[in-house]
Amino acid sequence: MSTNERDLIVGGQAVIEGVMMRTPNAYAIAVRKADGTIVNTAARLPKWSDKAPILKLPILRGGAVLLQSMGLGIKALNYSASEAFAEVEEVKAAEMEVALTPAVVEGEGDFAGLTGGVPGLFPLPTKKRSKDELKKGGTAAAASSIVFALIFNVLLFVAAPLLLTNALFIATGWATPAGLSSTSTARGTGVSPANQAQDAPATEQPWYTRTWNSARGYLHPVRPSVGFNLIDGLIRMSFFLIMIFSFSLIKDIRRVFEYHGAEHKTVFTWEKGLALTVDNARPQPRQHPRCGTSFLMVVMLVSIILFSVIKFDSLLFNFLVRIALIPVVAGLSYEIIRLSARKESGAFFKTITRPGVWLQNITTKEPDDSQLEVALEALKESLKLEPRPAEAELAPLS
């Protein structure tokens, strides 16, 4: 293996009974079918940056990779489901079923598919699809899945933490709501929801009016501070950790986590310049600093800082700015992950990605040799499509 070849950044994503591996210019998916055979599909990746050179700039390139990765990750899941469930009896009532997909991303590598970046519910096909369908795109299905995932995660990881944090600061009196004087909160507990409707006695109001007035009191906007965004980030992280831990208890998802471990071991085998064999992959670590799990943890840390700088006295505006800044947060986090992957990167970058590495003790499980074999085949197939000076150099990998 040449030095230039070893410098290729590879990454991947665990899918249903298989692994998708990605090199800078190509990707391949290998899946273990019910009969024990391994099937695969591979294709070259379009280069968005060649058509739009601006996408090569730092931060912007992270957003571009993020969007491409989302589509690729969901296509990989659809392909793996089609192959893994090929023997399953067709469902007559519907052609689609909803399946849970966990955060198992790594990539660019640096995040190869974002199904893990947006954990949630994704529609997976129960009918077998042709390999050509994946290569041609399956654009409509991928687009609908991405839209669904984005809406689900915006509500869970942006709207819910913001509202809960705002309500907590109101209830505890930790901050004065924007637009209200400090004297209005002098009773010691901030703006008490019970005091929001003083135009009529509470006993004369219908229950739904009292409920709405009580809830409305917690929606008076609090201008975000560092402390506010720290609590907001902790709530967001808690939701994420609860989701990941819940996934780990599901038997079928544990299989995906095992393939996640196989993917990481395969990446380490490649980065160490070893031949791509099961014997070489088996002793490698399961935890990798470029894993999407680490990326998601960095995203949460970056968002705490960024949202403390850009803030408004409106709850709606604070929500909208969080949505608008998602590409910026993702781009900055992407650059941090890239820097942390360098051998010469300092202790700072290693430290901020450490929580994600710890979390991989949950999101990865020890794979068996058959799972390592699938991950290794996926990488080999992807490397075959990677441009290189001499095709003969691929020989040691086969």
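This is a chat about strand β3 and the salt bridges of a predicted model.

Trainee: What sort of model is this, and how are residues numbered?
Mentor: The model is predicted: local features need pLDDT of at least 70, side-chain atom pairs count only at pLDDT 80 or more, and totals for chains, interfaces and linings use all residues. Residues are numbered from 1 along each chain as its sequence is written, and side-chain values use heavy atoms, with hydrogens and water left out.

Trainee: Is strand β3 buried or exposed?
Mentor: Seven of its seven residues, 26-32, are buried. Buried means under 20% relative accessible area, exposed over 50%, and partly exposed in between (1.4 Å probe, protein chains only). Strands are DSSP runs of E, at least two residues; helices are runs of H or I, at least four; both are numbered from the N terminus.

Trainee: Which residues sit on each face of β3?
Mentor: Ala26, Ala28, Ala30 and Arg32 are on one side. Tyr27, Ile29 and Val31 are on the other. In a regular strand the side chains alternate between the two faces of the sheet.

Trainee: What does β3 pair with?
Mentor: Strand β2 (residues 18-23) pairs with β3 in the antiparallel sense over six bridges. Strand β4 (residues 38-44) also runs antiparallel to β3, with seven bridges. Two strands pair if DSSP finds at least two bridges between them.

Trainee: Where does tyrosine 27 fit in?
Mentor: Tyrosine 27 is the bridge partner of arginine 22. Tyrosine 27 also stands opposite alanine 43 in β4.

Trainee: How many residues lie between the strands of each hairpin?
Mentor: Two between β2 and β3. Five between β3 and β4, where glycine 36 takes a positive phi near 95 degrees.

Trainee: New topic. How many salt bridges are there?
Mentor: A search of the whole structure finds 13. A salt bridge is a side-chain nitrogen of Lys or Arg within 4 Å of a carboxyl oxygen of Asp or Glu. One of them joins arginine 61 and glutamate 335, at 2.7 Å from N to O.

Trainee: What does that pair tie together?
Mentor: Arginine 61 is in helix α3 (60-84) and glutamate 335 in helix α12 (326-341), so the pair ties together parts 274 residues apart in sequence. Arginine 61 is partly exposed at 25%, while glutamate 335 is buried at 14%.

Trainee: Which salt bridge lies within helix α7?
Mentor: Aspartate 232 with arginine 236, at 2.2 Å, N to O. The two are four residues apart in α7, about one turn of the helix. Both are buried.

Trainee: Which residues form a network of salt bridges?
Mentor: Glu17, Arg254, Arg255 and Glu258 are linked that way.
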